[in-house]
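Me: I am new to this structure and would like a close look at a single part of it. Please set that part in the context of the whole chain afterwards.

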Amino acid sequence: MNQAPRVDRRASVCPHDCPSVCSLDVEVIEGKSIGRVHGAKTNSYTAGVICAKVARYAERIHHPDRLLHPLKRTGPKGSGQFERISWDEALDIVAREFLKAEGDFGAQSVWPYYYAGTMGLVMRDGINRLRHVKKYSGQYSTICTPMGWTGYVAGTGKLAGADPREMAVSDCVVIWGTNPVHTQVNVMTHAMRARKERGAKIVAIDIYMNATMKQADMALLVKPGTDGALACAVMHVLFRDGHADRDYLERYTDHPREFEEHLKTRDPAWASSITGLSVEEIEAFARLVGETKRTFFRLGYGFGRQRNGAVNMHAASCIPAVTGAWQYEGGGAFHSNSGIFHWNKALIEAHDARDPAIRNLDQSQIGRVLTGDAEALHSGPPIKAMLIQNTNPVSVAPEQELVKQGFAREDLFVCVHEQFMTETAMMADIVLPATMFMEHDDLYSGGGHQHFQMGPKLIDAPGECRSNHEVTRALAKRIGATHRGFDMEPREIIDWTLRNSGWGSIEELEVAVHKDVQPPFDESHYLTGFGYPDGKFRFKPDWTKVPSYNDGPMGPWASMPAFPDHWGVIEAATEEYPFRLATSPARSFLNSSFTETPGSIAKEGRPEVMVHPFDAERLNIADGDWVKLKNHRGEVFLRAKLFEGVRRGVLIAEGIWPNKAHPLGRGINTLTGGDQVAPYGGAAFHDNRVALEKAPADLVPEAAHAVIRGRTEPVLS
């Protein structure tokens, strides 16, 4: 009689680039593999709810295509021709190439490049210890947060907000510029609870009728990049109709009377002509917000990914300051709580070795950097060697044609440390196999809530996979980089970080599992003052001095409006490029992660672009036809999906499919720009003008589509 395998339930936490950072309850089978992944009910924000793609994580961690051994390129770059080598040989080659680049062109010719493939503090940020000790080029991380964070902090002075669990006790939840049904399912848990228990209204504001919009009581479909106009018109009505809390405004805000005067010409008719909403829709939304003191504004990242994104975010965040909603439980605003954890990462990143004179290269301009753009290089030496962890720039970075040109350089040495043979790994000289989150120890905090948690190692990694910390430590030894952090184990680093951040010890955290550090109500609602020295919310911020992560003013910051407004710097449609394209997130992918798992591929189907039926009819495009999107950056082929839930002239392409899933190998980020957005940079992924046409008849769609479900494997010599 066969004995049933032993299944233990172990605590863990999701490592992926999502504000929810869900607490997990993982089935560990015989201590060697995992089964189903469940949400842990002990976390009061994530509350036992997780997304479907993480629930079936076994198909990712035990995927047959995982990288298991170090590989060395034997054929042309991008050919996929590799041979298996030992770890010692691989690390010796990387060390030799780094030292050669340093000797020939200086230390800043080496660029460690990373991002948020894991959000664990040790495994994500430890690469900076190697950077700082060796004086390699810095990285200014701009892919995700600069516009949203800057716009929010411009008003509040701090990256923190009302307790997001208060959505459940709100009377109106405004979900603006995010699609949490796809990207942060826990937001919907609390919003739906408020509707069920309190009769709360849910308002969703977005640029297409996505899954969240369809669940809202009021869905406001705006044109891309026009959120600032909507916010201004709402505040115009609030002042006009007596819904502005004047006592609150005088006590807690900077220029309320001047701001009211500014808004007098920003009425609903003005905003209607910009946003595409009717005057009646704007008036109804303003009336709902004005009459509902407990209105909670859940402000997402999506509407910040326009060239006027920081201004739009700031404008939306001003509404609860006008109504005084911050005074009430269930009222106020929330974008991110990343500012409440005050992590001391001095050991993780070797702050004691950091040289502020070393250049910071813009992460989003990697294509320009690698193709020798002098401005992007800060007039410094070319990049000759790279170590890449936790990111896949050949798929996710903007200006893909430049990115590919850069990685194709024969004089560029690239080492990629990865879990799968991504399109970036295919361009590498050395590929190293990486662990996944259940195969190492790390520490995580939730930007979308108030908990941090230890993520312990649950099972051994397959093959010869090594963690990020192991790789940087081994490289450091070979290239002469010394720092005490390289001599410590991850648990020791975690313990030091906890203690020196004021959060106790690793032993205490393991007993508690996770820790809730939400500040008290008066602090969270800024009733003790906003984050500026005078304690006042800024309607009129100094955009060059917003206390948010930055590398100095960038982009057209000098022309930013003083007060909230519609700032027309977006990539507007033209006669040549008459459509506006946004590259919104897919439900079953997370950036380029999960594009290798069968469950996610099956649910997403194929690369498609949503087109309004009127636009499609005018261009003789039928549902399912191959179409071409093009602009001055390049062209992309994908299938048309006729959808009445977009405005005419607007196109939506969900998800970052691998480039290989598209004919000619050009993915959606071929069309996105890397120009720096004001005031602190960032990539405007949802702000692209394009032309749309039916694809030429000689395209061979069957061959192109077949590769989507094909396995990407290196050719071993």
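Where is the place of proline 519, and between which strand and which helix does the loop there lie?

Reply: This is a predicted model. Proline 519 sits in the loop that runs between strand S19 (514-516) and helix H23 (521-524). The residue has a relative accessibility of 15%, and buried means under 20%, so proline 519 counts as buried. Apart from its neighbours within four places in sequence, proline 519 has contacts with Ile340 and Ser524. Glutamine 450 is 69 residues away from proline 519 in sequence, yet the C-alpha atoms of the two are 8.6 Å apart in space.

Strand S19 also borders another loop, the one between helix H22 (506-512) and S19, and valine 513 is placed there. Valine 513 is not a glycine, but its phi is positive, at about 75°. Its relative accessibility is 28%, and partly exposed covers the range between 20% and 50%, so valine 513 counts as partly exposed.

A positive phi in a residue other than glycine is also found at glutamate 399, where the value is near 55°. Glutamate 399 lies in the loop between helix H18 (393-396) and helix H19 (400-407). With a relative accessibility of 10%, under the 20% limit, glutamate 399 counts as buried.

Two glycines with a positive phi come just after helices. Glycine 199 follows H8 and has a phi of about 70°. Glycine 324 follows H15, with a phi of about 75°.

The two helices can be described in turn. Helix H8 covers residues 185-198, which makes 14 residues. From its first C-alpha to its last, H8 reaches 20 Å, close to the 20 Å expected at 1.5 Å a residue. Its buried residues are Asn186, Val187, Met188, His190, Ala191 and Ala194. Among the elements that cover these buried residues are strand S8 (172-176), helix H7 (180-183) and strand S9 (201-206). Helix H9 (211-215) and strand S11 (295-299) are also included in that cover. Helix H15, at residues 309-323, is mostly covered, with 15 of its 15 residues buried.

Another proline has a feature in its backbone. The peptide bond that leads from alanine 678 to proline 679 is cis, and its omega is near 0°. Proline 679 is placed in the loop between strand S24 (650-652) and strand S25 (688-694).

Now the whole chain. The protein chain contains 26 helices and 26 strands. A compact globule of 717 residues would have a radius of gyration near 27 Å, and the 25 Å of the protein chain agrees with this. Its C-alpha trace spans about 75 × 70 × 65 Å along the principal axes. Of the 717 residues in the protein chain, 64% are buried. When contacts between residues at least 6 apart in sequence are taken, 76% of them join residues at least 24 apart.

The protein chain exposes about 25400 Å², and 49% of that area is supplied by carbon and sulfur atoms. There are 80 positive and 88 negative charges in the protein chain, and the mean positions of the two sets are 1 Å apart.

Technical notes:
Residues are numbered from 1 along each chain as its sequence is written. This is a predicted model: local features need pLDDT of at least 70, side-chain atom pairs count only at pLDDT 80 or more; totals for chains, interfaces and linings use all residues. Side-chain values use heavy atoms; hydrogens and water are left out. Helices (H or I, at least four residues) and strands (E, at least two) are DSSP runs, numbered from the N terminus. The expected span of a helix is 1.5 Å times one less than its number of residues. Buried means under 20% relative accessible area, exposed over 50%, partly exposed in between (1.4 Å probe, protein chains only). Contact means heavy atoms within 4.5 Å. The radius of gyration is taken over C-alpha atoms; the globule rule is 2.2 Å times the number of residues to the power 0.38. Accessible areas come from the Shrake-Rupley method with a 1.4 Å probe; for residues, only the protein chains shown count as cover. Lys and Arg count as positive and Asp and Glu as negative; His and the chain ends are not counted. The place of a charge is taken as NZ of Lys, CZ of Arg, CG of Asp or CD of Glu.
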